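Me: I have a model open on my screen and I'd like a close look at one part of it. Could you walk me through strand β4 and how it sits among its neighbours?

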Amino acid sequence: MTNSRLTETVQYADGTRSLITYDNSTTARVAGILIVRLTGEVTNGRSEGQPAQRTVAALPGQLPTQCLSSGLTGSSGWAQLEIQP
């Protein structure tokens, strides 16, 4: 777990925005998939004061040993953002 702060601005279809400040993160590798979970809260805008969580799962496009020579060049995956009501 780290304690660096990251921010993200989300713009909704109706034009409103939320500023999310993440203050905690965890990283795990499960069956070759890298999973990163950021937790924090909405600090400005729509849903201000509500808890927020972003989960990102990434599958590397190369073998993990590739980083020993030329380095990893990409990955694919998905991301999910949850803001509590």
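Reply: One definition before we start: two strands count as a pair if DSSP finds at least two bridges between them. By that rule β3 and β4 are a pair, antiparallel, with eight bridges. Keep in mind that this is a predicted model.

Let's set the scene. The protein chain has five strands and zero helices, so reading from the N terminus you simply get β-β-β-β-β. Those strands form an open sheet in the order β1-β2-β3-β4-β5, with antiparallel pairing. At the edges sit β1 (6-11) and β5 (75-83), each pairing on one side only. On average, neighbouring strands of the sheet are turned by 30 degrees against each other, ignoring direction. As a general point, strands of a sheet pair through backbone hydrogen bonds, either parallel or antiparallel.

Now the strand you asked about. β4 covers residues 51-60, and in the sheet order it comes between β3 and β5. On the β3 side, one bridge to look for is Arg-37, whose partner in β4 is Thr-55. On the β5 side, nine bridges join β4 to β5, again antiparallel. There, Ala-58 has Gly-77 of β5 as its bridge partner.

Two residues in β4 are worth zooming in on. Start with Arg-54, which is in this strand. Is Arg-54 buried or exposed? It counts as buried, because its relative accessibility is 17% and the cut-off for buried is under 20%. Its side chain makes a polar contact of 2.5 Å with the side chain of Glu-8. If you skip residues up to four places away in sequence, Arg-54 touches Glu-8, Tyr-22, Val-36, Arg-37, Leu-38, Ala-79, Gln-80 and Leu-81.

Next along is Thr-55, also in β4. Thr-55 is buried too, with a relative accessible area of 7%. Its side chain has a polar contact of 3.3 Å with the side chain of Arg-37, and Arg-37 is also its bridge partner. Leaving out neighbours within four places in sequence, the residues in contact with Thr-55 are Ile-35, Val-36, Arg-37, Trp-78, Ala-79 and Gln-80. Put the two contact lists side by side and you'll find Val-36, Arg-37, Ala-79 and Gln-80 in the one for Arg-54 and again in the one for Thr-55.

Step back from β4 into the turn before it. The hairpin of β3 and β4 has five residues between the strands, and Ser-47 lies in that loop. What is odd about Ser-47? Its phi is positive, about 65 degrees, although it is not a glycine. Ser-47 is partly exposed, with a relative accessible area of 31%. For comparison, the hairpin of β1 and β2 also has five residues between its strands, and there Gly-15 takes a positive phi near 95 degrees.

Carry on across the sheet and you reach the rest of the pairings. Strand β3 (residues 33-45) is joined to strand β2 (residues 17-30) over twelve bridges, in the antiparallel sense. Ser-18 has Gly-45 of β3 as its bridge partner. Further over, β1 and β2 pair antiparallel over six bridges, with Leu-6 standing opposite Tyr-22 in β2. Tyr-22 should ring a bell, as it is one of the residues that Arg-54 touches.

Tyr-22 also takes us to the core. The largest nonpolar core has six residues in all: Val-10, Ile-20, Tyr-22, Leu-38, Val-42 and Ala-52. The elements giving two or more residues to this core are β2 and β3. Going back to Arg-54, its contacts include both Tyr-22 and Leu-38. Another core member to click on is Ile-20: apart from neighbours within four places in sequence, it is in contact with Leu-6, Thr-7, Glu-8, Val-10, Glu-41, Val-42, Ala-52, Leu-81 and Ile-83. Glu-8 appears there, and Glu-8 is the polar contact of Arg-54 as well.

Finally, a few whole-chain numbers to put β4 in context. Of the 85 residues, 19% count as buried; Arg-54 and Thr-55 are among them. The chain exposes about 5,800 Å², with carbon and sulfur atoms supplying 54% of that area. Among contacts between residues at least 6 apart in sequence, 33% join residues at least 24 apart.

Definitions and conventions:
Residues are numbered from 1 along each chain as its sequence is written. This is a predicted model: local features need pLDDT of at least 70, side-chain atom pairs count only at pLDDT 80 or more; totals for chains, interfaces and linings use all residues. Side-chain values use heavy atoms; hydrogens and water are left out. Helices (H or I, at least four residues) and strands (E, at least two) are DSSP runs, numbered from the N terminus. Buried means under 20% relative accessible area, exposed over 50%, partly exposed in between (1.4 Å probe, protein chains only). A polar contact is a pair of N or O atoms within 3.5 Å; within protein, one must be able to donate a hydrogen and the other to accept it, and residues adjacent in sequence count only if both atoms are side-chain atoms. Contact means heavy atoms within 4.5 Å. Axes are lines fitted to C-alpha atoms, for helices over the stretch in contact, and angles run from 0 to 180 degrees between N-to-C directions. Accessible areas come from the Shrake-Rupley method with a 1.4 Å probe; for residues, only the protein chains shown count as cover. A nonpolar core is a set of buried Ala, Val, Leu, Ile, Met, Phe, Trp, Tyr and Cys residues joined through side-chain atoms within 4.5 Å.
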